[in-house]
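Dear colleague,

I am handing over the structure below, and after it you will find my notes on what was found in it. Please read them with the model open beside you.

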Amino acid sequence: MTYPKQLFSFMAAVLLLLTAGLAQAEQDPRQLVEQTVERMTKRIDGERQKLNNDPQYARELVREELGDLVDFKRITRVVMGDYFDQASRDQKYRFLEVFENSLVNTYASGVTLYDGQKMKVLPLREEDRRGNYARVRMEFSTNSGQVVPIFFTLFLDGGQWRVVNVYVNGLDLSQVYKQQFAQSMQQHKDMDTVIANWSAADVADEVENKANVN
């Protein structure tokens, strides 16, 4: 049985792992996604035993594939929202580190849930490219047969595509994390406490419920 939080973790892991092929600006984003889907699913299948036996290796795999391809600085600034300017330099860097580590741990827990589920990369439309931004749309089929529309947004920075946001079933994940940060600030009234207690896993259930994915 696939539990909701695990399913979200799996989908998020696959989405972010797909970005490993998006480092070359000269290539078409859709083409790169298709190539990376095939490469990553083969890697997960080929290394499944090691991934199952060693949670630390799953985290290493996710971190290796993410590399510098996800723009964590841009994403964490969005997540902190109006509180970003209130935070000290040290707090900003601490939250960046905590946020990245938390996502890596959450996504690593879902990597081994891939078991042949269908992922279809849709054709790139004219409106999917705007200046330095690109949107790649996908359809993910769950074990229960539900087809979940997914797309992620990339920004071309310094000749490299970098992921800046992901949408699942119409739900803006950056905004969900932003709301979670704001709620934590309202609850604790202290930036250091919010940073120390941050966990992407705690947000996974909320994302899953709001996106209506099961």
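**Notes on the loop, hairpins and helices**

Asn169 is found in the loop between strand E5 (160-168) and strand E6 (171-172). Please keep in mind throughout that this is a predicted model, and that what follows was computed from it. Although Asn169 is not a glycine, it has a positive phi of about 55 degrees, and with a relative accessibility of 29% it counts as partly exposed, because that value falls between the 20% and 50% cut-offs.

The loop that holds Asn169 is the turn of a hairpin, which E5 and E6 form with two residues between them. These two strands run antiparallel and are joined by two bridges, and across the pairing Val168 stands opposite Leu171 in E6.

Strand E5 also pairs with the strand before the other turn, E4 (residues 147-157), to which it is joined by eight bridges, again in an antiparallel arrangement. Within this pairing Phe155 stands opposite Arg162 in E5. E4 and E5 likewise form a hairpin with two residues between them, and there the turn contains Gly158, whose phi is positive at about 65 degrees. As for its surroundings, E5 is mostly covered, since seven of its nine residues are buried. In a regular strand, side chains alternate between the two faces of the sheet.

Moving on to helix H7 (173-188), a side-chain oxygen of Asp172 reaches, at the start of the helix, to within 3.1 Å of the backbone nitrogen of Ser174. The length of H7 was also checked: at 1.5 Å a residue its 16 residues should span 22 Å, and because the C-alpha atoms at its ends are 23 Å apart, the two values agree. The buried residues of H7 include Leu173, Ser174, Val176, Tyr177 and Gln180, and Phe181, Ala182, Ser184 and Met185 in H7 are buried as well.

What phi does Lys189 take just after H7? Its phi is positive, at about 60 degrees, in a residue other than glycine. Lys189 is placed in the loop between H7 and helix H8 (191-196), and it counts as exposed because its relative accessibility is 65%, over the 50% cut-off.

One further residue may be worth finding in the viewer, namely Gln91, which lies in helix H6 (residues 89-108). Is Gln91 buried or exposed? At 12% relative accessibility Gln91 counts as buried, because the value is under the 20% cut-off. Leaving aside residues up to four places away in sequence, Gln91 touches Gln86, Met191, Asp192 and Ile195.

For the chain as a whole, there are nine helices and six strands, and of its 214 residues 49% count as buried. Among the contacts in the chain with a separation of 6 or more, 60% are accounted for by residues 24 or more positions apart. The chain exposes about 10600 Å², of which carbon and sulfur atoms supply 44%.

With best wishes

Terms used:
Residues are numbered from 1 along each chain as its sequence is written. This is a predicted model: local features need pLDDT of at least 70, side-chain atom pairs count only at pLDDT 80 or more; totals for chains, interfaces and linings use all residues. Side-chain values use heavy atoms; hydrogens and water are left out. Helices (H or I, at least four residues) and strands (E, at least two) are DSSP runs, numbered from the N terminus. Buried means under 20% relative accessible area, exposed over 50%, partly exposed in between (1.4 Å probe, protein chains only). Contact means heavy atoms within 4.5 Å. Accessible areas come from the Shrake-Rupley method with a 1.4 Å probe; for residues, only the protein chains shown count as cover. Two strands pair if DSSP finds at least two bridges between them. The expected span of a helix is 1.5 Å times one less than its number of residues. A polar contact is a pair of N or O atoms within 3.5 Å; within protein, one must be able to donate a hydrogen and the other to accept it, and residues adjacent in sequence count only if both atoms are side-chain atoms.
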